[in-house]
Amino acid sequence: MSTSPKPVKKVPIHLQSAQNRVYIKNGEIVNHDKSFKADVYIEDGIIKFVGPPSEITIPGGVRIIDAAGRLIIPGGIDPHTHMQLPFGGAVAVDDFYHGTKAAIAGGTTMIIDFVLPNKHESMIEAYDKWRSWADPKVCCDYGLHVGITWWSKSVSEEIGILCKELGVNSFKTFMAYKGLYQLNDADLLDVFERIRSLNAVAMVHAENGDIIAKNTQRLLAEGITGPEGHELSRQEEVEAEAVHRACILAHQMKTPLYVSGLTSKSSAELVGRARRSGYCVFGETLVGSLGRSMNGVRMADRIYYVTSPPIRESAETPRQLMKSLAYDDLQLTGSDNCTFNKEHKAKGLNDFTKIPNGVNGVEDRMSLVWEKGVHAGLLDPCRFVAVTSTNAAKIFNIYPQKGRIAVGSDADVVIWNPNATRTISKDTHHQACDFNIFEGMTVHGVPEFVLVHGRICVENGLVRVAEGFGRFVPTPVRPPFVYDIIEGKVKPTADEQHEEKMNGNMAKKFAELDIQIPPEEPIFDGNLAGPAISPTSTHTMLGRVDGKRDMQESSFSISEELDRSSVRACIRVKNPPGGKSSGFW
C-alpha cells in the first residue's frame, strides 16, 4: 500500500472585483480562543481564505502584505463612545468623522455610540437625529445604543420599534444625573422587564444619583467648587452601591445586564461575584481608568480629567481593573470617548458641576490595553482580543461578522506589531481635542496596518480614510452569548477554550511563584460584603508576594480582608476562599 501523502488541493480565488484584494502572509492570527500561523486573503471587504499558503492560489494584481513577526487580529470594537454629543452647553469636538478617523488610527474598526434623547423627547426622533449625524461622516462601521432617559407607555412602545425595525438591541438606563436622566428603582424594574420581553440587553450607568446630589449640595455650600469636588461627590462606594443594586434589580427581572464604565476595584469585584453566582451580568471598564490614575496629577490640570464615574486617585486602581479583565470579572474595555477642548472645560473652573464630562480614549484604547495588559504580563494576546473586540461583538450579536479572523467575516483586520512603541501626544493624535489625558506615555503595541472592509486605511503611520465609508450595523435581539446564560444553557463564565489555554500557559509561572487556586464556594447572595480569607487557605498573590498591604490601593474595598493582599492572581479564579463575611454595611 502506498504511504505517499495525498496532493493538497489548492483553493482557486475567482475575482469578482479589482478592488479590496489583499493577501496577508507569514503572520500569526490571534482570535479570542486561539492563535495560529496562517495566511489571510481578502476580497471585496470579506475574508475569503484563512489557512496555509499551500492551499491557495493567489492571482496577480493582489496587494501582498508580509506580516512576519506581526499579529493578525480582528479590528477593535469600542462599545462606548459619545461623538459630537451635546452636553452642558457644549458639543463634543470629536464628531463622527474625526472620532472614527482617530479610532481607525488606533486599530479600532467599529464604534457603538449612544443616542441620548432629552427628557420627553421621542426615542425614534433622537435615533433619526443620530443617524443623520453619523451616516455621512463615519469612516468605519458603527452601531447604536439608545438611552432611556424617561419612562412612559410611549417609551415602552418605541423600544419595541427600535428592536424590531431599527437594528438596536441595547438600551442604557441611568442611576445618576438626578433631574436629567436618572430613573428610580420602580422605573428601572419596568424598563428591565420590557427589555427582557424583547430579548434585548439592558445597560446601566451605575452611580447613586441621590447621594451625588446631596454630596454636591454640601460641597458647594462648604466652598469646595474646584474639580476636586467632582470625585468627592461620587466616591467609590457611591458607584459600588449602584452596581450592587443594579445587579439585584436586573436579576429579579431575569434581564441580562451590561454595567458600563466601571472605574473602581470594588465595583469590579461586585460584578465578578454576581457572575460567579449565576447572574447574567457583564462589566465594562474604561481606558481612562486602565491607563492612568489621578495620583500625581496637578490640581490645576484636574479639570481636564473630569468624567463620570471619575478616574480614581489610587495608583493601584489601573492594575486592579486590568486583573479583573484577566480573570473575567470584567469582560470589555471601552473609551467613553467624549472630548471637549480646554475652553469648554474651563466653563466649570469655579463650579465643578458645570465642567463638561468626558475625556479622549478612542484612539489610544488598543495600545494602552496592550501596554498595561499584555506587555505587563496580565493578559495573553487572546484575552486582549476578547476584551477589545470579540466580547463586544458577541454581546451585541454581530459575531462572527465582527470580532473574528475567519472565512466570511468582515475584513476589519489589524496587523499588530507587539514590539513597536509610540509616544502618545496631543501633537500627533488624530482627535479634535487640544489635550490628551495620556500625554507623554510610551506604549508598546502599534497597529501597522488597519483594514476597514478590506481597504487599507492605516499603513505604517499614514492614515487615509474616507468620510462616509462606514455603515450602520444593526445589532439583532437575542444574542446567544447573552441569552444562553439567561435560559440556563451555559454558565456566565469565561470562554472555556480560552480559560484552558490561559491556565495551561500560566501553570508553570504559578508553580514557580507558589500560587494556589482557592476552593470553590458560592459568594454572591445579595450581600454587598465579600468573603473573608480563610486562615487555613493559601493565598499568595502575583504583584506583591510579601503579604503586605500596598497603601496606594483603593481606599474602599468590598472586603477589608481581601484588601490586605494586594491583588489576585491574573487567571480567572472561579470562587475565592470562603469564610464568614466581615460586612461593610
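**A helix, two sheets and a set of salt bridges**

Helix H7, spanning residues 236–252, contains 17 residues, and the distance from its first C-alpha to its last is 25 Å, close to the 24 Å expected at 1.5 Å a residue. Most of H7 is covered, with 13 of its 17 residues buried. Just after the helix comes Lys254, whose phi is positive, at about 55°. These values, like those that follow, were computed from a predicted model.

A wider view helps to place this helix. The chain holds 16 helices and 23 strands. Of its 585 residues, 61% count as buried. Contacts across the sequence can also be sorted by separation: among those between residues at least 6 apart, 79% join residues at least 24 apart.

Two of the sheets are worth following strand by strand. In general, strands of a sheet pair through backbone hydrogen bonds, either parallel or antiparallel. One open sheet is built from seven strands with mixed pairing, in the order S4-S3-S9-S20-S21-S22-S23. Its edges are formed by strand S4 (35–37) and strand S23 (462–463), each of which pairs on one side only. Helix H12 (residues 365–374) packs on this sheet, where it touches S9, S20 and strand S21 (442–452). The direction of H12 makes about 135° with that of S21. Another helix, H13 (residues 381–395), lies across strand S3 (28–30), S4, S9 and S20, and runs at about 30° to S9. Within the sheet, strand S9 (residues 71–74) and strand S20 (residues 413–423) pair in the antiparallel sense, with four bridges between them. In this pairing, Ile73 stands opposite Val414 in S20.

Another open sheet has four strands, again with mixed pairing, and its order is S6-S5-S2-S8. Strand S6 (46–51) and S8 stand at the edges; each has a single partner strand, so one side of each is left without a neighbour in the sheet. From one strand to the next, the twist averages 15°. Strand S5 (residues 39–43) and S6 run antiparallel and are joined by five bridges. Here Glu43 has Ile46, in S6, as its bridge partner.

Side chains add further links, and charged pairs are a good place to look for them. A search of the whole structure gives 31 salt bridges. One of these joins the side chains of Arg70 and Glu448, with N and O 2.8 Å apart. This pair links distant parts of the chain, since Arg70 is in the loop between strand S8 (63–66) and S9, whereas Glu448 is in strand S21, 378 residues apart. How covered are the two partners? Arg70 has a relative accessible area of 25% and is partly exposed. Glu448 has 15% relative accessibility, and therefore counts as buried, the cut-off for burial being under 20%.

A salt bridge also forms between Asp329 and Arg276, whose closest N and O atoms are 2.5 Å apart. This pair, too, links distant parts of the chain: Asp329 is in the loop between helix H10 (317–326) and strand S19 (332–334), Arg276 is in helix H8 (residues 265–276), and 53 residues separate them. Both Asp329 and Arg276 are buried. In a further salt bridge, the side chains of Asp484 and Arg478 meet at 3.2 Å, N to O. Arg478 is partly exposed, its relative accessible area being 24%. Salt bridges can also share partners, and in this way Asp141, Lys402, Asp410, Asp412 and Arg471 are joined into one network.

The last site to visit is Lys172. An unreviewed UniProt entry places the feature "modified residue: N6-carboxylysine" at this position. Where does Lys172 sit in the fold? Lys172 belongs to strand S15 (residues 170–174). With a relative accessible area of 3%, Lys172 falls under the 20% cut-off, and so it is buried. Leaving aside residues up to four places away in sequence, Lys172 touches His80, Phe114, Val146, Gly147, Ile148, Met203, Val204, His205 and Ser260.

Terms used
Residues are numbered from 1 along each chain as its sequence is written. This is a predicted model: local features need pLDDT of at least 70, side-chain atom pairs count only at pLDDT 80 or more; totals for chains, interfaces and linings use all residues. Side-chain values use heavy atoms; hydrogens and water are left out. Two strands pair if DSSP finds at least two bridges between them. Helices (H or I, at least four residues) and strands (E, at least two) are DSSP runs, numbered from the N terminus. Contact means heavy atoms within 4.5 Å. Axes are lines fitted to C-alpha atoms, for helices over the stretch in contact, and angles run from 0 to 180 degrees between N-to-C directions. A salt bridge is a side-chain nitrogen of Lys or Arg within 4 Å of a carboxyl oxygen of Asp or Glu. Buried means under 20% relative accessible area, exposed over 50%, partly exposed in between (1.4 Å probe, protein chains only). UniProt positions are given in the numbering used here, feature names are shortened, and annotations may be inferred rather than shown by experiment. The expected span of a helix is 1.5 Å times one less than its number of residues.
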